Amino acid sequence: MLLFVSTLLKIGFVLAILLGIAPVLVWVERRQSSMMQDRVGPVRAGIPLPATLADIIRGPLAWGAKAVAYGGLAFAVLALLGGLYFWATLGLSGVSESGMTSGVYFGLAVLGVAIAAFHFAASWVVKHAVDSRNELTLFGLLHPAVDSLKMFWKEDFVPPRADKFLFHIAPIIALIPALATYAVIPFGPDLHWGPEGEPFKWLFSVVPEGAALAGETIPLQVANINVGILFVFAVAGTGIVGAAIAGYSSDNKYALLGGLRAASQMVSYEVTLGLTLVGCFMIYGTLLLDEMVVWQQEHVWGFLVQPLALILFFFASIAEMKRVPFDAPEGESEIVAGYFLEYSGFKFGMFMTGEFLEHLVSSSLIVTLFFGGYDVPLLHSDGFHLGDWLGFDILLPHIAVIAISIVVFLLKMGVFVFLQIQVRWTLPRFRYDQIMQLCWKIILPLSLANILVTGVLILAIG
Amino acid sequence: MAYKISKPKRSLGEQSYFPEAAKGLALTIGRFFKNTFSKEENKIIATVRYPDEVRDYPERFRGVHRLTHRMDGSPRCVACLCCSTACPAQCIYIEPAEYEPDDPRYGYERYPKVFVIDELRCIFCGYCVEACPCDAIRMDTGVHVPASTERDHFIFDKETLMSIPGKDGTYVTENPRPEPGDPGHPGITREQGH
């Protein structure tokens, strides 16, 4: 029962994250390009507010958030002082009669800083969410909503001589793999659920590292499949079918060409995508993504032991997603829009959403494989271990550790999404033969050499 | 005879693509952060949110025409037809008329009974302003002709033209106009001649 409910909750969480961020990425992409091209960009979609309400949001609400933020700062300072006093009187590992230690005080200080940071950010957001026209624009974040409304009301055009069944099913085939891939990506450390009768026993207490705890352990990963990352490659491979079918069924020569280009490019890069990671598998000694994260927690982050693999995988994954500079399948100047040329309305929206979902998936794969996944440096299951550096530890309850890990995972993911979109707006498109050359003549030999060198080093070092 | 075409010389760094790509990324990322997070005056934003923000026009921008007033509110125009003659687009139509015989200006100058500018024909060249001998027509309003869906709305008659103030908000000009009886008036009438 617990397994069933927790799996449902995890699926819901992952879907909420993916489908919540993907539309936002549409806006991020446009806004990012506009800001680097010295344009204003999408900021005009807004909900008109009465002037008084707008003034309240801009004024008192923002001030209120700022006041709370200063309160949090004061709280943090007080907690810090308390912890220092405690430290000075009872020593680092001293425990008072009421069970307090200096670590708990430092944990409270961290909490205060977190509250302050959140409310400072909230105050800034609230202050700028309403623009000079008294319209609630949220920096233009309402554009995705308006966009999807527009897509709903557009004509759902089907070419008269298209293969109706394949035409309708292609966007679904293109969208589902991107969602399914996320099932095996761990987004947080194991969650300890209390034994029968007191389910929240561990959530709000400090969990010592490596302790055997009564009750259930819930891995924060939708499905722990024993083929691990091979599942990712297998499912991502079906994405090819979506693009190819879309191009084939549209009864349009441009679309057919686009579908062919997409299929050949994705098949080629599928090979290199797998081979670039073999070095990682050899070092981590596993195919399971959660065990890879654990290995990186215990040793070092993957990009330090496999830097070449990181670069190659980054490029191969952009090519696999058919994004700029590898977007020959939708080259506007030659084949109009490629394989989704005949799609309109929300079917086109599904292709677009699928593309942004692949963004998220590939970023989280990079983070999981090379940047420690949800791992935060010095954060262990009972808090920050600063003993080697500052002489004391900051103890945090289990739920706070999990929350910090998930947030850090999402932040790391965001960095790579940002980088990928930045690449999209910076580099010009490759010619088709250049794409293939890069794949078969550069990335493939380099990844094979990487495997060889890694193997030799593993044998040499042991 | 074959021409020898010199190939562009690229260094190994340029040829290998990665350093140049990294340079480009550094440039765009830098610009992104500058335009997103720096202060308003440090941003390099070339566009404006047009209907909400309007770009400042230059001092000598030729906007919609106006007819300047005399001190008593009548038009300065003496219906000499210089502007309609100078107009290359032939968008100005003037019907001159004499003042009443008991008016002090009678016999000295005429006034426009009808003064119409078709703003759709106008090419905003400013020749009418240059041609006017008495500073009666000006294009210093600093505003566009307002948009409309009706062609009739672009036929500006005398009252409309006189109701548009200049950029400084006044209907007169700094250039004084002596009326008959004023000390600065040359005292010339139709009988005395020029």
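Pro96(B) and Pro112(B) face each other across a strand pairing in chain B, with Pro112(B) sitting in E3(B). Glu98(B) likewise has a partner in E3(B), namely Arg110(B). This is a predicted model, so please read the details below in that light. The bullets start with the sheet in chain B, move on to the chain as a whole and its contact with chain A, and finish with chain A.

**The sheet in chain B**

- Three strands form an open sheet here, in the order E2-E3-E5, and their pairing is antiparallel.
- Strand E2 (92–98) and strand E5 (155–156) of chain B are the edge strands, each pairing on one side only.
- E2(B) and strand E3 (residues 110–118) of chain B run antiparallel and are joined by 7 bridges.
- On the other pairing, 2 bridges link E3(B) with E5(B), again in the antiparallel sense.
- Ile117(B) has Phe156(B) in E5(B) as its bridge partner.
- As background, the strands of a sheet pair through backbone hydrogen bonds, in either a parallel or an antiparallel way.

**Chain B as a whole**

- You will find 5 helices and 5 strands in chain B.
- Following the sequence, these elements come in the pattern α-α-β-α-β-β-α-β-β-α.
- The radius of gyration of chain B is 29 Å, whereas a compact globule of 194 residues would come out near 16 Å.
- Measuring sticks aside, the C-alpha trace of chain B spans about 95 × 60 × 40 Å along its principal axes.
- Of the 194 residues in chain B, 14% are buried.
- Among contacts in chain B with a separation of 6 or more, 69% are between residues 24 or more positions apart.

**Where chains A and B touch**

- How many residues does each chain bring to the contact? Chain B gives 15 residues and chain A gives 14 residues.
- On the side of chain B that touches chain A, 7 residues are nonpolar, 5 are polar and 3 are charged.

**The sheet in chain A**

- Chain A has an open sheet of 3 strands in the order E5-E6-E7, with antiparallel pairing.
- Why is one side of E5(A) and of E7(A) left without a neighbour in the sheet? Strand E5 (379–380) and strand E7 (393–395) of chain A stand at the edges, and each has a single partner strand, so one side of each stays unpaired in the sheet.
- E5(A) pairs with strand E6 (residues 383–385) of chain A over 2 bridges, in the antiparallel sense.
- One residue pair to look up is His380(A) and its bridge partner Gly383(A), which is in E6(A).
- Helix H3 (residues 102–129) of chain A lies across E6 and E7 of chain A, and the helix runs at about 70° to E7(A).

**A closer look at Ile11(A)**

- Ile11(A) belongs to helix H1 (residues 2–36) of chain A.
- Is Ile11(A) exposed or partly exposed? Ile11(A) counts as partly exposed because it has 15 C-beta neighbours inside 10 Å, while a buried residue would need 20 or more.
- Ile11(A) and Leu138(A) are 127 residues apart along the chain, and their C-alpha atoms are separated by 28 Å.

Notes:
Residues are numbered from 1 along each chain as its sequence is written. Chains are lettered from A and ligands numbered from 1 in the order in which they are written. This is a predicted model: local features need pLDDT of at least 70, side-chain atom pairs count only at pLDDT 80 or more; totals for chains, interfaces and linings use all residues. Two residues are in contact if their C-beta atoms, placed from the backbone, lie within 7 Å. Ala, Val, Leu, Ile, Met, Phe, Trp, Tyr, Cys and Pro count as nonpolar, Asp, Glu, Lys and Arg as charged, and the others, Gly among them, as polar. Two strands pair if DSSP finds at least two bridges between them. Helices (H or I, at least four residues) and strands (E, at least two) are DSSP runs, numbered from the N terminus. Axes are lines fitted to C-alpha atoms, for helices over the stretch in contact, and angles run from 0 to 180 degrees between N-to-C directions. The radius of gyration is taken over C-alpha atoms; the globule rule is 2.2 Å times the number of residues to the power 0.38. A residue is buried if 20 or more other C-beta atoms lie within 10 Å of its own, exposed if 12 or fewer, and partly exposed in between; C-beta atoms are placed from the backbone.
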